[in-house]
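Please keep the viewer open beside this text. The tour proceeds by selections, each followed by a description of what is found there.

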Amino acid sequence: MGYHVLLGELRDQNASRRRGSGRRRITTTADDRYLLQCARRRRTLTARQLASQFSAAAGRHISRQTVSSRLHEGGLFARRPVVCVPLSPAHVRARLHWAREHCSWTPEQWGHVLFTDGSRFNIQNDFRRAMKWREPGIRYRAPNIVERDHYRGGGLLVSAEIATNGRTNLYVFAGGSVTVVGYCDEILHLLVRSFIAAMGTDAIFMDDNANPHRARLVRSYLDSETIQQMALPARSPDLNPTEHVWDMLGRRIAGRSVPPGTLHELQQALLQEWALLPQQEINDTIASMPRRCQASISARGYHTRY
């Protein structure tokens, strides 16, 4: 819709403010709505580009600052987009089906589930998790800066299992990666088997659908140990409460007075902070499963805020 067409429809010009109310406003209500509409149609346009587009349509010049102010007044603010995993139609259908199947589960039922997941932590990579309070205009002062090289440095792959009122030890993979045999020997046999046995006969083991977890050797081992299994749909980190636990762990690492600078220091910090994680916070993430399922249903299987 062109500027003049929109202007004709609105018929609501407020080019001047009331006497004594301050500096003359250079845009009308129609101008403001036009800018908001352009920004919503093409959300990647910068304020400068929107100002140029407005000038070409209306024949009047406005500044980038004016555009930003009008968009802010209309509730639009420039923010970095949320990064999510790609979802195919098949992924969306599987996510929606799984959420519908489990949305009516009670806290007691979720209390029988042992969730497992892995994550990678890198040296100098978790400062982004830490927030700093600061006043406007002092972004680049020393207390508000974290210095780091552009390279990530070394990293460690870890794995752990969480449940209501319990968790396994954190396992750090020495080689930096996990194989099917390593997953069976080091995770299932050493950690999961005994923990599941302690949870009782109603315990359910739920993995995150990673490739090593789908291997025939893994399925055979779980069957031989008569461990009940339930898999999350693929590409569903928002349906896995362990993802939030990893974020909590990363924030604790980033908040250390002396952040780890070597792989050995990183490993020690991960093990120490994992042991110190409050179990109640882990319980709270598991208690969110009904809300996660409902959010997925509301989103029709697409991404959710979790």
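**Starting at a central strand**

Select Ile204 and Gln228: Gln228, in β6, is the bridge partner of Ile204. The model on screen is a predicted one. Extend the selection to the whole of β5 and to β6, residues 228-231; the two strands pair in the parallel sense over four bridges.

Next, add β1. This strand runs parallel to β5, and three bridges join them. Within this pairing, Leu114 stands opposite Phe205 of β5.

Now show the side chains of β5. Which residues cover its two faces? Ile204 and Met206 lie on one side, Phe205 and Asp207 on the other, and all of them are buried.

**The largest nonpolar core**

Select Trp98, Trp110, Leu270 and Trp274. These are the residues with the most contacts inside the largest nonpolar core, which has 35 residues. To see where the core comes from, colour the elements that each supply at least two of its residues: α5 (89-102), β1 (113-122), β2 (155-163), β5 (204-207), α9 (242-254), α10 (263-276), α11 (279-287) and α12 (289-298). Of these, α9 gives the most, with five residues.

Centre the view on Trp98. Leaving aside neighbours within four places in sequence, Trp98 is in contact with Trp110, Met206, Met230, Ala231, Leu232, Pro233, Leu239, Met289 and Cys293. A second core, separate from the one just visited, has 19 residues; Ile187, Phe195, Ile196 and Ala203 are among them.

**A residue of helix α10**

Move to Ala269, in helix α10. Is this residue buried or exposed? Its relative accessibility is 1%, so Ala269 counts as buried. Beyond the neighbours within four places in sequence, the contacts of Ala269 are with Ile253, Arg256 and Pro260. For a distance check, pick the C-alpha atoms of Ala269 and Leu249: they are separated by 9.8 Å, and the two residues are 20 apart along the chain.

**Two loop positions**

Select Asn240, in the loop between β6 and α9. Because its relative accessibility is 2%, Asn240 counts as buried. Show the residues around Asn240: apart from neighbours within four places in sequence, Asn240 is in contact with Phe115, Thr116, Asp117, Asp208, Leu232 and Arg292.

Then select Ala215, in the loop between β5 and α8 (216-224). Ala215 has a relative accessible area of 18% and is therefore buried, the cut-off being under 20%. Val180 is 35 residues from Ala215 in sequence, yet their C-alpha atoms are 6.9 Å apart in space.

**The second largest pocket**

For the last stop, select Arg43, Leu45, Phe77, Ala78 and Arg79. Of the 17 residues that line the second largest pocket, these are the closest to its centre. The pocket holds about 450 Å³ of space.

Which elements give two or more residues to the lining of this pocket? They are α3 (47-58) and α4 (64-73), and α4 gives the most, with three residues. Colour the lining by residue class to finish: nine of its residues are nonpolar, four are polar and four are charged.

Definitions and conventions: Residues numbered from 1 in each chain as written. Predicted model: local features only at pLDDT ≥ 70, side-chain atom pairs only at ≥ 80, totals over all residues. Heavy atoms only, no water. Core = buried A, V, L, I, M, F, W, Y, C linked by side-chain atoms within 4.5 Å. Buried < 20%, exposed > 50% of the residue type's maximum accessible area, 1.4 Å probe, protein only. Contact = heavy atoms within 4.5 Å. 1 Å grid on protein atoms, 1.4 Å probe; cavity = no way out; pocket = protein on both sides within 12 Å on 5 of 7 lines; lining within 4 Å. Points joined across faces, edges and corners; volume = space filled by probe spheres on them. Nonpolar A, V, L, I, M, F, W, Y, C, P; charged D, E, K, R; others polar. Pairing = 2+ DSSP bridges.
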